[in-house]
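Reader: I would like a close look at one part of this model. Please keep it brisk.

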Number of protein chains: 2
Amino acid sequence: MGFKERQQRHKEEFKAEILETAVALFAEEGYAKFSMRKLAARIKHSPTTIYLYFRDKDDLLLQICENLYASLLHEMQELRALPLPPEQMLKATCLSYIRYNLANPEQYKVVFFSNPTLYGRPEDYFTRDTMSNRCWQNMCENIDACLTSGFFRPLDRDILAIVLWSAMHGLVSSLIFTKDFPMPDPEAMAEMLLDGLLKGYRA
Amino acid sequence: MGFKERQQRHKEEFKAEILETAVALFAEEGYAKFSMRKLAARIKHSPTTIYLYFRDKDDLLLQICENLYASLLHEMQELRALPLPPEQMLKATCLSYIRYNLANPEQYKVVFFSNPTLYGRPEDYFTRDTMSNRCWQNMCENIDACLTSGFFRPLDRDILAIVLWSAMHGLVSSLIFTKDFPMPDPEAMAEMLLDGLLKGYRA
DNA sequence: AATTGTAGTTAACGGTGTTAAGTCATGGGA
DNA sequence: TCCCATGACTTAACACCGTTAACTACAATT
């Protein structure tokens, strides 16, 4: 049985190496110039080898995203440990989301561009144990805390959560993608967005 | 001189026809499956013919976007004619932006995906007379009205404008691109976003 | 009638994601 | 120890893509 185990371990290590190289290639060349063939060249294997470890390009991208969400979740969980009132906790979490994604623009593009086919059917979203889902749960708990503490006035939790997220998503994606417009300082934007929204929903 | 004029007119008509067909192809097949070769097949010409009328694919996409912004601007200008207080005018304009783009998701994708190289350098943005720029000016005027009327508290106009826009952009793009998450009703989301933001910046 | 300009073409280049078929080393059972 | 089955990996190919260079055919000007 020793052989099969070693074999298995080697496969997993190789897969991890491919993923790591893919992330590096992404960070260096950007989404547009990334290709399976370039990745293959970099890991010094034929393009088809990748398909032994990933179903297709989308599958590879999906797993890059999961890695991204995993470390984002990690950051958020560190925040959770701090003793902050609900509204400050929510704001800190949102700021963390914005900053983290602005610091990893190419991965964010992967999430964005691959999104359409990335995960499965929408009605199954909450049943899948993805890093994305866990981040979402964390976000929702923070919002719930603001609602039950009475900091926010009574609002539909689900709509509020997705609205907050989509506003942050808009900020991040416009900063990342916009190349033809003179964008202001990201921190000032984030501050104004969160300040406005949190005030706007206050009781 | 009669010939050259007819020739010129024919060229313009043909170009318009290509553009129209491109928009149709886009609406039907979506951004991902759109290609110059398919467009060529549909207009019953060789792929290279398109290059006599458009520099490259991005140029074609850019002009589709300009068409989109042109009719959006038209909608906004109709709103401007109504006798509304600044805050209601701003809200109506924002709602119009959101609804219009949600009704034309594929064009919105073009704007989004082509954005990076679409227009030129950011510092030149305001000097170019593009439909995008005109829409932006309209938006800014509405915000200025809310600031000078005292409805909003004193805030940096430029940052406020781009923050408002990016929040709307986030709402639209998340609704258009998200396929793996059960999104709530777009109107309810738009209402909550605008309600929150406008309250949040109020004096 | 010869010349020039030009709309449109064909053929090709270099790239893409992906699949089918084949190679070849190696561990496990006889 | 020999055979063979497994499976990692490769080669070759398919069907696309955007784009360019070179060519053709035709009409207007000279």
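Reader: Which residues surround DNA strand D, and which of them are the closest?

Author: A caution to begin with: this is a predicted model. In it, 19 residues surround DNA strand D. The closest are A:Thr49 and A:Tyr53 from chain A, with B:Arg37, B:Thr48 and B:Tyr51 from chain B.

Now the elements behind that surface. Chain A brings helix 1 (2-33) and helix 3 (47-50), and chain B brings helix 2 (36-42). Each of these supplies at least two residues of the surface near DNA strand D. By class, that surface has six nonpolar, seven polar and six charged residues.

Next, the DNA side. Take the atoms of DNA strand D within 4 Å of the protein: 52% belong to sugar or phosphate. The rest belong to bases.

Individual atom pairs show both kinds of partner. For the backbone, a polar side-chain atom of A:Thr49 lies 2.2 Å from a phosphate oxygen of DNA strand D. For the bases, take B:Arg37: a polar atom of its side chain is 2.2 Å from a base nitrogen of the strand. A:Thr48 also faces a base, with a side-chain N or O atom 3.3 Å from a base oxygen of DNA strand D.

Last, the two chains themselves. Chain B superposes on chain A after a rotation of 180°, with 0.0 Å of shift along the axis and an RMSD of 0.1 Å. That is the relation of a two-fold axis. Both copies use the same surface: 100% of the contact residues of chain B recur in chain A.

Note on methods. Residues are numbered from 1 along each chain as its sequence is written. Chains are lettered from A and ligands numbered from 1 in the order in which they are written. This is a predicted model: local features need pLDDT of at least 70, side-chain atom pairs count only at pLDDT 80 or more; totals for chains, interfaces and linings use all residues. Side-chain values use heavy atoms; hydrogens and water are left out. Copies are superposed by least squares on the C-alpha atoms of residues with pLDDT of at least 70 in both. Contact means heavy atoms within 4.5 Å. A residue is near a molecule or strand if one of its heavy atoms lies within 4 Å of it. A polar contact is a pair of N or O atoms within 3.5 Å; within protein, one must be able to donate a hydrogen and the other to accept it, and residues adjacent in sequence count only if both atoms are side-chain atoms. Helices (H or I, at least four residues) and strands (E, at least two) are DSSP runs, numbered from the N terminus. Ala, Val, Leu, Ile, Met, Phe, Trp, Tyr, Cys and Pro count as nonpolar, Asp, Glu, Lys and Arg as charged, and the others, Gly among them, as polar.
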